[in-house]
Amino acid sequence: MPQVLAEVEVGEMALDAPFACEARGHRFIDEVRLDAKLAREDRRFRDGVRWVRQWSGYCACCGRRVRVTPLAI
């Protein structure tokens, strides 16, 4: 995940980052927002916590708000 997305807090919008719709893989996503940031216990990380971020955005192809995933740059 790009450093810029790691700095976005819950409720804020992500700007200038590519996302894809989880339902069908569409890439025409608008108004992407971080809905939740959940802590998961994971010993592979230095502090023992892995942050799971849940994003949503408006998919122009699906015509509704859907869960989205950031694309690798």
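# One aromatic pair and the sheet around it

A search of the whole structure, which is a predicted model, finds one aromatic pair. Its members are Phe19 and Trp55, whose ring centres lie 5.3 Å apart and whose planes meet at 55°, so the pair counts as tilted. Because Phe19 belongs to strand β1 and Trp55 to strand β3, the pair ties together parts of the chain that are 36 residues apart in sequence. Both residues are shielded from solvent: Phe19 is buried, with a relative accessible area of 3%, and Trp55 is buried as well, with a relative accessible area of 2%.

To place this pair, it helps to step back to the chain as a whole. The chain contains one helix and four strands, and, read from the N terminus on, its elements follow the order α-β-β-β-β. The C-alpha atoms fill a box of roughly 40 × 25 × 20 Å, taken along the principal axes. Of the 73 residues of the chain, 26% count as buried, a group in which Phe19 and Trp55 have their place. Among contacts with a separation of 6 or more, 47% are made by residues that are 24 or more positions apart.

The four strands form an open sheet, in which the order is β1-β4-β3-β2 and the pairing is antiparallel. The edges are taken by β1, residues 19-21, and by β2, residues 29-41, each of which pairs on one side only. From one strand to the next, the twist averages 40°. As a general matter, the strands of a sheet pair through backbone hydrogen bonds, in either a parallel or an antiparallel arrangement.

The sheet can now be followed from one edge to the other, starting with β1. This strand pairs with β4 in the antiparallel sense over three bridges, and within that pairing Ala20 stands opposite Thr69 in β4. On its other side, β4, residues 64-70, pairs with β3, residues 49-59, again in the antiparallel sense, here over five bridges. Two of the positions along this pairing can be picked out by name: Gly57 has Val66 of β4 as its bridge partner, while Tyr58 stands opposite Arg65 in β4. The strands β3 and β4 form a hairpin with four residues between them, and Gly63, which lies in the turn, has a positive phi of about 75°. At the far side of the sheet, β3 is joined to β2 by 10 bridges, and these two strands also run antiparallel; in this pairing, Glu41 stands opposite Val49 in β3.

Between β2 and β3 the chain passes through a loop, and Asp42 is found there. Is Asp42 buried or exposed? Its relative accessible area is 10%, and because the cut-off for a buried residue is under 20%, Asp42 counts as buried. The side chain of Asp42 is joined to that of Arg50 by a polar contact of 3.3 Å. Leaving out residues up to four places away in sequence, Asp42 touches Gly48, Val49 and Arg50, and of these Val49 is the residue that stands opposite Glu41 across the β2 and β3 pairing.

Lys37, which has its place in strand β2, offers another view of this part of the sheet. With a relative accessibility of 25%, Lys37 counts as partly exposed, because that class covers values between the 20% limit for buried residues and the 50% limit for exposed ones. Which aromatic ring does Lys37 lie over? Lys37 sits over the face of Trp51, at 5.4 Å from the ring centre. Once neighbours within four places in sequence are set aside, Lys37 is in contact with Glu9, Val10, Trp51, Val52 and Arg53, so that Trp51 appears both among these contacts and as the ring beneath the lysine. The C-alpha atoms of Lys37 and Trp55 are separated by 9.1 Å, although the two residues are 18 residues apart along the chain. With Trp55 the description returns to the tilted pair that this residue forms with Phe19.

Definitions and conventions
Residues numbered from 1 in each chain as written. Predicted model: local features only at pLDDT ≥ 70, side-chain atom pairs only at ≥ 80, totals over all residues. Heavy atoms only, no water. Pairing = 2+ DSSP bridges. Axes fitted to C-alpha atoms, helices over the stretch in contact; angles between N-to-C directions. Buried < 20%, exposed > 50% of the residue type's maximum accessible area, 1.4 Å probe, protein only. Contact = heavy atoms within 4.5 Å. Polar contact = N/O pair within 3.5 Å; in protein donor to acceptor, adjacent residues only side chain to side chain. Phe/Tyr/Trp six-rings, centres within 6.5 Å; stacked < 30°, edge-to-face > 60°. Lys NZ or Arg CZ within 6 Å of the ring centre and 35° of its normal.
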